[in-house]
Number of protein chains: 2
Amino acid sequence: MRFSFRQLEYFVAAGESGSVTRAAAGSHSTQPTVSAAIAKLERTLGVQLFVRHHAQGLSLTPEGRRFLAEAKTLLRHASEVERFATTLSDEVAGTLDLACLVTLAPLVTPSLVREFRAEHPRVQVELVESHQQGLLERLRGGLSSVALTYDLQLPADIDFEPLADLPPHALVAADHRLALRKRVSLAELAPEPHILLDLPTSREYFLSLFTEAGLEPNVTTRSEHPETIRTLVANGFGYAIVNARPRTDTALDGGRVVTLPLREQLRPMRLGLASLRGIRETRTLTAFKEHCHRSITPAGVPGMLSPEE
Amino acid sequence: MRFSFRQLEYFVAAGESGSVTRAAAGSHSTQPTVSAAIAKLERTLGVQLFVRHHAQGLSLTPEGRRFLAEAKTLLRHASEVERFATTLSDEVAGTLDLACLVTLAPLVTPSLVREFRAEHPRVQVELVESHQQGLLERLRGGLSSVALTYDLQLPADIDFEPLADLPPHALVAADHRLALRKRVSLAELAPEPHILLDLPTSREYFLSLFTEAGLEPNVTTRSEHPETIRTLVANGFGYAIVNARPRTDTALDGGRVVTLPLREQLRPMRLGLASLRGIRETRTLTAFKEHCHRSITPAGVPGMLSPEE
DNA sequence: TCACTTGGATCGATTTCGACGATCCATTAG
DNA sequence: CTAATGGATCGTCGAAATCGATCCAAGTGA
């Protein structure tokens with residue numbers, strides 16, 4: 001660009017006031033500065049912008065008058081962009097790019113996002129669902145600002161704020177022989193046919209629960225989709241281990257399932273907010289995180305059964 | 001403005017290439033310069049624009065991506081303004097603000113402007129008519145770029161390019177007792193009733209013709225309008241002195257007039273282009289001046305009778 | 001595993017540019 | 001003729017941009 005914002009500002013001020021001195025006063029500058037800036041602007045553009053009247057100010061040339069109009073709209077445009085930029089960081093407004101672990105999304109996000117938008121009407125939420133690896137890629141690629149997920153396989157460059165612990169439960173068919181038990185132990189389940197939620201990071205978690213207890217599950221069926229797991233369980237294919245427990249005992253095909261606490265004190269899944277470490281967060285993101293802390297508590301997660309239920 | 005064009009340019013280059021180094025290469029700059037500029041931009045805007053990947057470039061944050069779009073349109077706008085500015089001075093295009101002495105305008109400007117516009121279709125001509133004092137005010141106030149007028153009462157700050165000399169003629173009715181003469185002298189005319197074109201500067205010129213010859217005109221009627229003068233002459237109110245001679249011997253009311261050369265060698269009116277001294281002229285103005293020199297010659301002025309006719 | 005490569009961040013030196021006070025100069029008012 | 005007005009110019013100062021050199025972290029390949 002052959003000119004600067006400062007030069008345009010001084011030029012507009014002088015053009016509108018018809019005086020370098022007044023322009024300087026109104027621009028928090030001095031007369032020599034404005035005079036030099038305008039002279040330089042004329043030189044670089046090769047356009048005579050003013051007619052100088054000795055000891056009585058200046059008037060715009062025809063070209064100066066036309067350029068003035070253009071300069072004003074450009075400056076207005078620039079301050080709109082400036083305003084936009086500050087809004088990006090300083091106001092709870094604009095778009096929040098939220099990512100969520102696929103298995104959690106249908107349970108948690110609807111009410112969470114609805115309440116957040118009710119509280120902050122100027123914010124649009126852009127929700128993307130993905131598996132854990134995809135979430136990390138999105139965070140690192142700047143495609144999402146924050147991810148709602150479990151603290152599984154999180155590298156050091158990812159910051160994680162825990163929101164709630166979800167202990168594992170056994171999921172069995174309503175007509176399963178263990179369905180009426182108050183609770184059940186891993187040892188009892190181990191020989192039974194196991195239906196594994198076979199997703200990149202959850203897989204290792206479920207298996208580790210058994211191996212850490214010196215057991216080995218009898219994996220007979222696998223699926224990547226929680227709803228398929230529930231339907232398989234309801235249809236007697238075996239049992240499953242789940243942490244997120246929907247507020248319904250009906251599978252998608254109408255079959256019934258039951259969730260049972262596990263007797264052992266097992267390491268829970270930790271639900272929380274993952275974001276890239278070391279990036280300055282926007283006020284919109286801060287507001288969203290605060291909202292999550294209020295809405296998703298250790299005592300309960302919207303869309304899921306609470307621990308004591 | 002909290003940011004500069006340079007910063008935006010570097011930011012856009014880096015955002016589109018995903019690399020500070022490539023951005024620097026494409027911007028005729030160096031990597032530390034671009035790095036520092038972006039860092040400063042982020043600091044002043046309070047917005048994190050990039051996620052830095054060690055040893056493998058950077059990606060835009062969600063905010064960075066949105067700001068990038070705004071920055072690009074702003075830069076495009078700025079270069080349009082820059083282009084506009086250079087067009088103002090470097091191309092025969094845009095608007096030419098032309099002023100013309102009222103008495104000359106109907107005779108000279110129609111064909112002059114028509115031919116000029118045919119030669120330069122990208123130019124609009126904005127024509128304003130005024131008396132001599134008004135022309136000077138328009139030039140000094142930057143309202144017009146050039147004035148087509150006589151070299152009467154021109155102060156030192158006005159530049160004048162002569163185009164053609166218009167010697168004074170006597171204007172008499174077709175049935176006037178002198179109408180059939182080949183030429184007449186001022187002395188013969190002096191006693192006759194004189195109809196004076198009573199305009200600020202022409203007035204002094206006409207009277208000076210007589211006083212410089214030791215004569216005094218017998219002014220019986222005055223008017224500010226050349227067409228009124230011609231009608232008065234045609235109706236026998238007296239004679240008039242004129243320099244601009246229309247290509248017709250009919251006055252507006254249908255009466256006939258005759259123009260006669262004057263026997264004396266009298267100082268002619270000098271038709272030319274007046275402009276403000278010391279202002280850099282645009283290429284459009286240069287083209288117009290050249291066109292005038294070609295079109296308005298000592299041998300003839302469009303719309304007027306030529307000297308030898 | 002270790003050296004190499006990649007690519008952004010940082011440092012220090014240089015230079016450029018903007019800002020300012022003082023002054024000059026031409027015009028206008030009284 | 002003097003004072004006031006108001007832009008142009010000059011010299012100085014300081015902030016900021018620029019650059020080469022260097023640092024450092026992460027990925028790559030032997």
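How many residues surround DNA strand C, and which are the closest? Select strand C in this predicted model and show what lies around the strand. There are 23 residues. The closest are His54(A), Ser19(B), Thr21(B), Pro32(B) and Ala55(B).

Now color by element. Chain A contributes α3 (31-45) to the surface near DNA strand C, and chain B contributes α2 (20-26) and α3 (31-45); these are the elements that give two or more residues. Pick out α3(B). This helix gives the most, with five residues. Switch to coloring by residue class. The surface near strand C divides into twelve polar, nine nonpolar and two charged residues.

**Next stop: strand D**

Select DNA strand D. Around this strand are 26 residues. The closest are Ser19(A), Thr21(A), Pro32(A), Ala55(A) and His54(B). The elements that give two or more residues here are α2 (20-26) and α3 of chain A, together with α3 of chain B. By class, the surface near strand D has 13 polar, ten nonpolar and three charged residues.

**Then the two chains**

Hide the DNA and show chains A and B. The contact involves 40 residues of chain A and 40 residues of chain B. Keep to the chain A side. The elements that give two or more residues to that side are β2 (58-60), α4 and β3 (94-101). Select α4(A): this helix gives the most, with 18 residues. Color the chain A side by class, and 17 nonpolar, 14 polar and nine charged residues appear.

**Zoom in on the α4 pair**

Show helix α4 (residues 62-90) of chain A and helix α4 (residues 62-90) of chain B. How do they pack? The angle is about 175°, and the axes are 10 Å apart. Angles over 145 degrees count as roughly antiparallel, so α4(A) is roughly antiparallel to α4(B). Their contact has 16 nonpolar, six charged and four polar residues.

**Last stop: the symmetry**

Zoom out to both chains. What rotation superposes chain A on chain B? The rotation is 180°, with 0.0 Å of shift along its axis and an RMSD of 0.1 Å. That is the relation of a two-fold axis. To find the axis, select Ser4(A). Of the residues of chain A, Ser4(A) comes closest to the rotation axis, with its C-alpha at 3.6 Å.

Finally, select the interface residues of each chain. Of those in chain A, 100% are also interface residues in chain B, so the copies meet through the same surface.

Technical notes
Residues numbered from 1 in each chain as written. Chains lettered and ligands numbered in written order. Predicted model: local features only at pLDDT ≥ 70, side-chain atom pairs only at ≥ 80, totals over all residues. Near = placed C-beta within 6 Å. Helix = DSSP H or I, 4+ residues; strand = E, 2+ residues; numbered from the N terminus. Nonpolar A, V, L, I, M, F, W, Y, C, P; charged D, E, K, R; others polar. Axes fitted to C-alpha atoms, helices over the stretch in contact; angles between N-to-C directions. Parallel < 35°, antiparallel > 145°, perpendicular 65-115°, else oblique. Contact = placed C-beta atoms within 7 Å. Least-squares fit on C-alpha atoms with pLDDT ≥ 70 in both.
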